[in-house]
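Biologist: Before I accept terms such as cavity or buried, I would like to hear the reasoning behind each of them. Could we go through them one at a time?

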Amino acid sequence: MDRHGLVVALLDAGGTFFEPARTAFPGADEADWARAAVLDPGAAGPGGTWRLDFRCFAVARPGGRWVLVDAGVGPADGPAAGWAPVPGRLPDALAAAGIAPADVETVVLTHLHEDHAGWTSGPGGEPFFPAARHVVQRAEVTALDRGDPVWEWTVAPLRETGQLHEVDGTHRLGSGITLLPTPGHTPGHQSVLVEQGPAGRDVLVTGDALVHAVQLADPAVPYSHERDRAAARASREGLLARAALSGALLATAHLTRAFVEPPGPHGAGPAR
């Protein structure tokens, strides 16, 4: 189990993306790709394919409670089934970490893409985390098309049960956890700062503000599925600068390494 202090990485799935890396990340030069290969060697597949993980993070809270950041690709009948490697393994990963779904008091959704909201519902459509409030930026919900499958899978049922909590902007989620707006990938994308104090180094859960190590090599490199590339770049650069200044580790959703160092004078590198 990959863990830094209070933060536990939970691997839900892994697979090959449906676009080659150089299509998904246009504009990167050869030096960027060479650096990315050093930063995340597990991502390079044959023939230019891109291998990625689909990862969630659990943050320990007092009294045996947990905050979960993102909800993975979900079950076989979830909205990510058309392209992601479903069913995900999050239920088994939680059990291996000693976390029952009922122990999760809050689920933070960095954004409402299928591969980050899949386990908001279980295989039968019931809330997978029965006691959890699910926290998302209001701007993210407002921008979501009613025809998007995540609306019926996540937003509508959680509203029905009173478990959807929409927030605006920077939001303190109890002691030591802060939600940081990082728009661009989607209009209401958010990342999560976990301040650990004596328990260890701070951790910044990036969500899809950072999708591939080539964006560590050069944060200006866009991703083909960003809604607003200029805003996404600004968010990414700001997030990485904040991590570098504070010494926080980056917790990544899609790199094949869960925790990485932020870029600094000598670039990004493995977590220490």
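What follows takes up an enclosed space and then a helix, in a model that is predicted.

Biologist: What makes the space lined by Phe 54, Arg 55, Cys 56, Asp 70, Gly 72, Asp 115, His 116, Ala 253 and His 254 a cavity?

Modeller: A cavity is a set of points where a 1.4 Å probe fits but cannot get out, and the structure holds one such space of 30 Å³ or more. The largest cavity has a volume of about 40 Å³.

Biologist: Which elements each supply at least two residues of its lining?

Modeller: They are β3 (51-61) and α4 (114-117), and the largest share, three residues, comes from β3. By residue class, the lining divides into three nonpolar, three polar and three charged residues.

Biologist: Which residues of helix α2 (residues 30-39) are called buried, and what does the word require?

Modeller: Buried means under 20% relative accessible area, and in α2 the term applies to Asp 32, Trp 33, Ala 36 and Leu 39.

Biologist: How do you know that the buried residues of α2 line one face of the helix?

Modeller: Seen down the axis of α2, their directions fall within an arc of 120°, so these residues line one face. What covers them includes α1 (21-24) and α7 (214-217), whereas the face turned away carries Glu 30, Ala 31 and Val 38, which are exposed, a term that requires over 50% relative accessible area.

Biologist: What makes the approach of Asp 29 to Ala 31 at the start of α2 a polar contact?

Modeller: A side-chain oxygen of Asp 29 reaches to within 3.1 Å of the backbone nitrogen of Ala 31, and the cut-off for such a pair of N or O atoms is 3.5 Å, so the pair qualifies.

How values were computed:
Residues numbered from 1 in each chain as written. Predicted model: local features only at pLDDT ≥ 70, side-chain atom pairs only at ≥ 80, totals over all residues. Heavy atoms only, no water. 1 Å grid on protein atoms, 1.4 Å probe; cavity = no way out; pocket = protein on both sides within 12 Å on 5 of 7 lines; lining within 4 Å. Points joined across faces, edges and corners; volume = space filled by probe spheres on them. Helix = DSSP H or I, 4+ residues; strand = E, 2+ residues; numbered from the N terminus. Nonpolar A, V, L, I, M, F, W, Y, C, P; charged D, E, K, R; others polar. Buried < 20%, exposed > 50% of the residue type's maximum accessible area, 1.4 Å probe, protein only. Arc of directions from axis to C-beta. Contact = heavy atoms within 4.5 Å. Polar contact = N/O pair within 3.5 Å; in protein donor to acceptor, adjacent residues only side chain to side chain.
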